[in-house]
Amino acid sequence: MIDYFIDDELKTILEKRISSLSKKYITVGTGITSSHLGDERNLREFIIADETVKYLRSQGYNTLFLLNDDSYDPLNFRQLRVAVNKDEMLIEKYKKYCGMPLTLIPDPYECHASYSAHFQNEILNRLSSLDVNVCIVDSSASYESGLYDFAKEIVFTKMEEIEGFCKNRFPTYKMKKIYWPLCPQCHSLEATNIKSIKGDDIEIICSNCKSDSTVTRGKIKGKFGGKIDTAVKWNVFHFDFEPFSKAYLDPDVGTYVIAKSLSEKFFGGNAPEIIEYGQVLMGKTLSYTLLPSLPKNVFRSIFLQKRKRDITLTEGKIIQATKECAVDEKNSFYDYVTTRLPHEILEGLDYKLVNRHSIDLLLHGSVFAKQFLKRDVLPKLPQENFLNSMDSQAVHQTLHIFNWIVDHKIEYPNETYDLFAKSLNKFLKDSEIGKANLFPFIRKLFSLEEGIPLSRVFFFLSLQSLYAYLFIIERPIKSSPHP
Ligand SMILES: [Zn+2]
Ligand SMILES: [Zn+2]
């Protein structure tokens with residue numbers, strides 16, 4: 001049985017909606033804007049949505065997990081700056097596209113069909129690295145294919161009614177534009193306005209290229225204002241659940257509340273149930289450090305806990321979380337990084353590392369050690385001056401222990417740590433080897449700091465590593481100076 005991070009309150013919300021559904025599948029929806037790839041803070045909603053999807057599937061429901069990309073939204077300057085990593089040349093080259101729909105802008109990195117395709121792909125790759133696998137819905141395609149035409153009909157025939165409804169119901173909310181027409185001349189969305197609607201003809205003025213164009217209702221290109229777009233999307237794709245943070249739920253100006261009213265009044269009445277989540281707050285120095293440092297299950301567990309609470313991430317909290325989150329039956333991620341990683345790095349070509357989980361741990365662990373524990377995890381071979389100064393009793397006892405560990409591991413390959421530690425202690429006692437004198441020597445040999453139990457390191461050391469150490473410490477004894 002897998003435990004999901006689904007609290008009782010959320011279970012009740014899920015059950016209530018599901019029991020009222022006539023359709024036999026469930027849709028969980030989320031949204032992105034493929035304008036840039038931000039830092040880790042905005043990932044919480046997708047991880048929470050994904051956990052919900054996984055839970056629903058485990059309960060036997062066919063569940064669609066949709067990610068709507070607002071790829072027809074206009075690019076703004078702030079997004080551009082982040083998107084191109086503040087590259088002055090690219091900013092200069094691309095600033096002329098600000099105000100145009102993302103999907104109509106060329107890819108700054110010249111590897112995809114458009115700007116939005118590039119960032120959509122980056123976002124999907126990032127989500128997939130966190131085991132969040134969604135079905136993308138591209139809003140440009142929704143507009144272009146005619147999927148939203150029924151709503152266009154409603155918007156153009158009831159424009160004043162919609163405006164009046166919003167004014168009346170949400171007096172403090174000001175809708176910027178009900179419909180953003182695309183300028184047929186310069187492709188700006190930002191700079192256009194509808195000047196008049198006469199029968200089928202719509203007159204568009206554009207302050208960017210100073211043009212005045214008339215298009216028919218059937219041919220006009222553009223997009224709905226955000227709240228209408230949301231209401232239409234909910235009805236076209238039958239969203240049942242969607243994560244929202246508090247800002248979206250504000251009763252006077254929140255997107256959720258306004259879109260729900262618009263949906264009920266004009267566009268079909270569907271609105272998803274709210275999966276509320278708290279914001280992730282963190283200092284700038286942590287930005288972009290979490291994804292490379294934490295394996296996906298550690299990352300997910302940090303973001304999934306206490307769903308509705310805001311979380312403030314600090315280095316201390318991240319380190320604490322790595323001590324609490326297991327990466328396998330035996331170890332927390334922190335244990336793994338401090339005891340096993342230095343040795344696994346020594347055996348990068350080991351057969352065990354062929355599996356993806358091990359590679360994932362190794363790569364994230366090395367970055368985590370450097371970033372959060374401020375140390376490099378390099379293969380730790382003993383220094384030459386240490387080897388030269390080894391006293392022979394310590395060497396013999398170490399060889400004795402290592403040989404015992406090798407034999408023991410071969411004989412009991414699947415032993416638990418507790419049993420191993422017990423056998424080791426018995427062996428040390430029977431062989432009259434005192435830990436007090438010898439263990440500091442072995443610590444030096446491993447360049448291992450205090451605090452990490454040696455028995456644990458012995459337990460995790462692979463046979464290959466043990467052979468390597470046996471070879472290294474045997475050499476100075478056996479080799480004699482050349483004649
Ligand atoms: Zn690209
Ligand atoms: Zn124009």
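Is Ser293 buried or exposed, and how many other C-beta atoms lie within 10 Å? The views below come from a predicted model, and the opening one takes up this residue.

**View 1. Ser293 and its surroundings.** Ser293 is part of helix H12, which spans residues 290-293. With 25 other C-beta atoms within 10 Å, Ser293 counts as buried, because 20 or more is the cut-off for that label. Setting aside neighbours within four places in sequence, we find Ser293 in contact with His364, Val367, Phe368, Gln371 and Phe372. For a sense of scale, Glu15 is 278 residues from Ser293 in sequence, and their C-alpha atoms are 36 Å apart in space.

**View 2. Domain 1 meets domain 3.** The domain assignment divides the protein into domain 1 (8-171 + 226-276), domain 2 (183-220), domain 3 (295-371) and domain 4 (384-478). Here we look at domain 1 and domain 3, whose centres, taken over C-alpha atoms, are separated by 31 Å. Where they touch, 10 residues of domain 1 are in contact with seven residues of domain 3. Helix H2 (residues 44-58) supplies the largest share of the domain 1 side, with four residues. By class, that side has five nonpolar, one polar and four charged residues.

**View 3. Helix H2 against helix H13.** Zooming in on the helices, the axes of H2 and H13 (residues 296-304) come within 9 Å of each other and cross at roughly 95°. H2 is therefore roughly perpendicular to H13. On the H2 side, Arg44, Ile47, Ile48 and Glu51 meet Arg300, Phe303 and Leu304 of H13. Sorted by class, the residues of this contact are four nonpolar, no polar and three charged.

**View 4. Ile47 and the nonpolar cores.** Ile47, which appeared in the previous view as one of the H2 residues that meet H13, returns here as a core residue. The largest nonpolar core has 78 residues, and those with the most contacts inside it are Ile47, Ala49, Ala231, Val232 and Phe299. Apart from neighbours within four places in sequence, Ile47 is in contact with Leu130, Val132, Arg300, Phe303 and Leu304. A second, separate core of eight residues includes Ile401, Phe402, Ile405 and Phe459. As background, nonpolar side chains in soluble globular proteins tend to be buried together.

**View 5. Helix H9 and what covers it.** Eight of the 11 residues of helix H9 (residues 226-236) are buried, so the rest of the structure largely encloses this helix. The buried residues are Lys227, Ile228, Asp229, Thr230, Ala231, Val232, Lys233 and Trp234. Two of these names, Ala231 and Val232, will be familiar from the core shown in the previous view. The cover over the buried residues of H9 includes strand E2 (63-69), helix H7 (149-157), strand E8 (222-224) and helix H11 (255-267). Just after H9, look for His238, which takes a positive phi of about 55°.

**View 6. Helix H18 packed on helix H20.** The last view shows H18 (residues 392-411) and H20 (residues 435-446), which pack at an angle of about 80° with their axes 10 Å apart. H18 is therefore roughly perpendicular to H20. Ala394, Gln397 and Thr398 in H18 meet Leu438, Phe441 and Ile442 in H20. The residues of this contact comprise four nonpolar, two polar and no charged.

Notes. Residues numbered from 1 in each chain as written. Chains lettered and ligands numbered in written order. Predicted model: local features only at pLDDT ≥ 70, side-chain atom pairs only at ≥ 80, totals over all residues. Domains from an automatic or database assignment. Contact = placed C-beta atoms within 7 Å. Helix = DSSP H or I, 4+ residues; strand = E, 2+ residues; numbered from the N terminus. Nonpolar A, V, L, I, M, F, W, Y, C, P; charged D, E, K, R; others polar. Core = buried A, V, L, I, M, F, W, Y, C linked by C-beta atoms within 7 Å. Buried ≥ 20, exposed ≤ 12 C-beta atoms within 10 Å, placed from the backbone. Axes fitted to C-alpha atoms, helices over the stretch in contact; angles between N-to-C directions. Parallel < 35°, antiparallel > 145°, perpendicular 65-115°, else oblique.
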